[in-house]
Amino acid sequence: MLAALHHAQVAVPKGAEDISRAYYVGVLGMTELPKPPVLAARGGCWFAAGGLEIHTGVEEPFVPARKAHPAILVTDIDELVAALTAAGYEYTWDETVPDRRRLHTHDPHGNRLEFIQQ
């Protein structure tokens with residue numbers, strides 16, 4: 001019945017599209033997808049890489065997700081670490097799951113993201 005996850009959405013403050021683009025495209029290397037006009041009017045952006053989509057949606061009042069988060073598979077976690085470091089983003093390695101290289105970081109809006117080496 002269930003097939004796959006289509007996208008994960010994270011909340012952002014109003015007017016945060018350029019900040020989101022700088023992170024999701026500039027740091028993570030995703031591609032921005034066009035939103036349908038009726039949805040574009042609400043703000044936010046859609047991004048894709050491989051079979052993954054991250055959608056940002058305006059939420060007011062805005063509160064970043066500190067616990068809930070998407071967990072994203074990456075092909076080279078060391079390359080991700082280099083990109084995060086070069087852009088000035090902090091991350092924390094998490095070794096609580098045996099045999100799995102993973103880290104947590106936050107997008108520029110404070111939303112928690114997890115990355116796992118594939």
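In this predicted model, Ala82 has its place in helix α3. With a relative accessibility of 45%, Ala82 counts as partly exposed, because that value falls between the 20% and 50% cut-offs. A look along the chain from here leads to Pro98, which is 16 residues away in sequence. The C-alpha atoms of Ala82 and Pro98 are separated by 23 Å.

A contrasting case is found in the segment before β1, where Ala4 lies. Ala4 is exposed, with a relative accessible area of 72%. Its partner for a distance check is Gly51, which stands 47 residues apart from Ala4 along the chain. The C-alpha atoms of Ala4 and Gly51 are nevertheless separated by 9.8 Å.

Helix α3 appears again in the interior of the model. The largest nonpolar core has 18 residues. Those with the most contacts inside this core are Tyr23, Tyr24, Ile54, Leu80, Leu84, Leu103 and Phe115. Two or more residues of the core come from each of β1 (8–12), α1, β5, α3 and β8 (112–117). Among these elements, α3 gives the most, with 4 residues. A general tendency is worth recalling here: in soluble globular proteins, nonpolar side chains tend to be buried together.

Tyr23 is a good residue to follow through this part of the structure. Is Tyr23 buried or exposed? Its relative accessible area is 0%, so Tyr23 counts as buried, the cut-off being under 20%. Apart from neighbours within four places in sequence, Tyr23 is in contact with Leu28, Leu84, Tyr89, Thr105, His106, Asp107, Pro108 and Leu113. One of these contacts, Leu84, is also listed with Tyr23 among the core residues with the most contacts.

Aromatic rings form a further theme. How many aromatic pairs does the model contain? The count comes to 4 aromatic pairs. One of them joins Tyr23 and Tyr89 in an edge-to-face arrangement, with 4.8 Å from centre to centre and 65° between the planes. This pair links distant parts of the chain, as Tyr23 belongs to helix α1 and Tyr89 to the loop between α3 and β6 (91–93), 66 residues apart. Unlike buried Tyr23, Tyr89 is partly exposed, with a relative accessible area of 22%. Another pair is made by Tyr91 and Trp93, whose ring centres are 6.1 Å apart. The planes of Tyr91 and Trp93 stand at 90°, so this pair is edge-to-face, a class that needs over 60 degrees. Tyr91 is partly exposed at 27% relative accessible area, and Trp93 is partly exposed at 35%. In addition, Tyr23, Tyr24, Phe47 and Tyr89 form one aromatic cluster.

Attention now turns to the open spaces of the model. The largest pocket has a volume of about 610 Å³. Its lining is made of 26 residues, and Ala49, Leu52, Ile72, Leu73 and Val74 lie nearest its centre. At least two lining residues come from each of α1 (17–27), β4 (52–58), β5 (71–74) and α3 (77–86). Which element supplies the largest share of this lining? That share, 4 residues, comes from β5. Sorted by class, the lining has 17 nonpolar, 6 polar and 3 charged residues.

Strand β8, already met as a contributor to the core, also holds Glu114. Glu114 has a relative accessible area of 5%, so it counts as buried, under the 20% cut-off. Leaving aside neighbours within four places in sequence, Glu114 is in contact with His69, Pro70, Ala71, Ile72, Arg102, Leu103 and His104. Of these contacts, Ile72 is one of the residues nearest the centre of the largest pocket, while Leu103 is among the core residues with the most contacts.

Finally, two features of the backbone deserve a friendly pause. Most residues other than glycine have a negative phi, and most peptide bonds are trans. Against that background, a cis peptide bond joins Glu60 and Pro61, with omega of about 0°. Pro61 lies in the loop between β4 and β5. The second feature concerns Asp99, a residue other than glycine with a positive phi, near 60°. Asp99 is found in the loop between β6 and β7 (102–106). At 85% relative accessibility, Asp99 counts as exposed, because the value is over 50%.

Technical notes. Residues are numbered from 1 along each chain as its sequence is written. This is a predicted model: local features need pLDDT of at least 70, side-chain atom pairs count only at pLDDT 80 or more; totals for chains, interfaces and linings use all residues. Side-chain values use heavy atoms; hydrogens and water are left out. On a 1 Å grid over the protein atoms alone, a cavity is a set of points where a 1.4 Å probe fits but cannot get out, and a pocket is an open set with protein on both sides within 12 Å along at least five of seven lines; lining residues have an atom within 4 Å of a point. Grid points are joined across faces, edges and corners, and a volume is the space filled by probe spheres set on the points. Ala, Val, Leu, Ile, Met, Phe, Trp, Tyr, Cys and Pro count as nonpolar, Asp, Glu, Lys and Arg as charged, and the others, Gly among them, as polar. Rings of Phe, Tyr and Trp (its six-membered ring) pair if their centres lie within 6.5 Å; planes under 30 degrees apart count as stacked, over 60 as edge-to-face and the rest as tilted. Buried means under 20% relative accessible area, exposed over 50%, partly exposed in between (1.4 Å probe, protein chains only). A nonpolar core is a set of buried Ala, Val, Leu, Ile, Met, Phe, Trp, Tyr and Cys residues joined through side-chain atoms within 4.5 Å. Contact means heavy atoms within 4.5 Å.
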